[in-house]
Amino acid sequence: MELKQNKAPSMAVIYAVLIFGMVASTFHAPLFRIGLAHNTGMTSENMSVYRMFFAWVGVAVMCAIKKDYRQEIVKICKNPRVFIILALMGIFKASSLLIWAYCLDSQTPVFVLNMISNTQPLFIMLGSYLMFKERTGPKAMLGVFICLFGVGIISISSFSGGTISLWAVFGMFCSAILMALYLLFSKLVQQDVSFWPMLFIAYIFSTLEMVACCVLSGSPFGPITMEGWLIFLVMGIWCTLLGHSCGVWAVKYISPVKSSIFNLFGPVVSAVVCYFLLGEIPSIMVLIGGALVLVGLCVYNLAKLQESRAVLAKEQADVKAMEGEAVPQQNAAG
């Protein structure tokens, strides 16, 4: 398959897309809670099926509009390597979302699950080094840990009792690892395929896995109230397609670690969303944790900027050194 040579957007555009995706995805948990509490016919299983199906429909519309995308989908199906990678991406995403939903149904405090969920950047840092040899410097890592500490403070503020389930804790770690693999594999394949055809194939496998899980568990596909269908639609298009996919789009142009680090500000935005949708007033700990996340993001991005400048300076020095060696050789030949 031919390599895609699309012009890279500016960093301002990439950051804007990441921030938009982070904000959109934070509506997921409040909508999930509203749907289960209001007797809409929603369950963990059918919620996963319908949100993924509506997300796939949105992708299918985008691919149907453009002829090049339709032709590329056919080419993908004829390329075993790319097709298998996209199938694995779909399986990773579906498994991660299903595990996340099951863990929320346990009696484990939400703050414990949220804290584990936000360890994803650590797994992405490890995977980026193993797969792409991308190193994260000590200053940038400090920024990540400051963010995680802030997220921990926010999560602890939501403690409401409950018995910690070791299976739920283990499952949340698995969910974080699977989502990290989803992001890393998207980085691996986006040099060969366009964004929308990639999601078209991956989301098919995600939807099929979720349908199979729903059938095997005996969870009903309906009846669903009008409120439930509206929640499914918003979760599928707004939270999943527009929210989760922004980070996947961004890894074509930036490192997976930088793409995932923006999600650590999600709990801060989630507190604001919960205030308007659920009437939950953010505590002082949420505000402190949010401030720490902002500090961590600044530390990480400044460290990455310094690393980029250092690499550029080294490359320029190497070029000058090579030019300096070439001049004496030309003089000697003369």
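Colleague: Is Ser25 buried or exposed?
Modeller: The relative accessible area of Ser25 is 18%. This is a predicted model, where local features need pLDDT of at least 70, side-chain atom pairs count only at pLDDT 80 or more, and totals for chains, interfaces and linings use all residues. Residues are numbered from 1 along each chain as its sequence is written, and side-chain values use heavy atoms, without hydrogens and water. Since buried means under 20% relative accessible area, exposed over 50% and partly exposed in between (1.4 Å probe, protein chains only), Ser25 is buried.

Colleague: Which residues does Ser25 touch, not counting those up to four places away in sequence?
Modeller: Ser25 lies in helix H1, residues 11-25; helices (H or I, at least four residues) and strands (E, at least two) are DSSP runs, numbered from the N terminus. A contact means heavy atoms within 4.5 Å. On that basis, Ser25 touches Cys239, Gly243 and His244.

Colleague: How far apart are the end C-alpha atoms of helix H11?
Modeller: Helix H11 covers residues 226-250, 25 residues in number. The expected span is 1.5 Å times one less than the number of residues, so H11 should span 36 Å. The distance between its end C-alpha atoms agrees with this, at 34 Å.

Colleague: At which residue does H11 bend?
Modeller: The bend is the angle between axes fitted to the seven residues ending at a residue and the seven starting there. For H11 the angle is about 30°, and the place is Met235.

Colleague: Which helix gives the largest share of the largest nonpolar core?
Modeller: A nonpolar core is a set of buried Ala, Val, Leu, Ile, Met, Phe, Trp, Tyr and Cys residues joined through side-chain atoms within 4.5 Å. The largest one has 59 residues, and Met198 and Leu199 have the most contacts inside it. Its largest share is 11 residues, from residues 195-217, which form helix H10.

Colleague: What does Leu199 contact, leaving aside neighbours within four places in sequence?
Modeller: Leu199 is one of the two residues with the most contacts inside the largest core. Its contacts outside that sequence window are Val59, Tyr182, Leu241 and Ser245.

Colleague: Over which residues does pLDDT stay under 50?
Modeller: pLDDT is the predictor's confidence in each residue, from 0 to 100. The chain averages 80, and 80% of the residues score at least 70. Where pLDDT is low, the predicted coordinates should not be read in detail. The stretch under 50, with 14 contacts beyond four places in sequence in the model, is residues 1-5.
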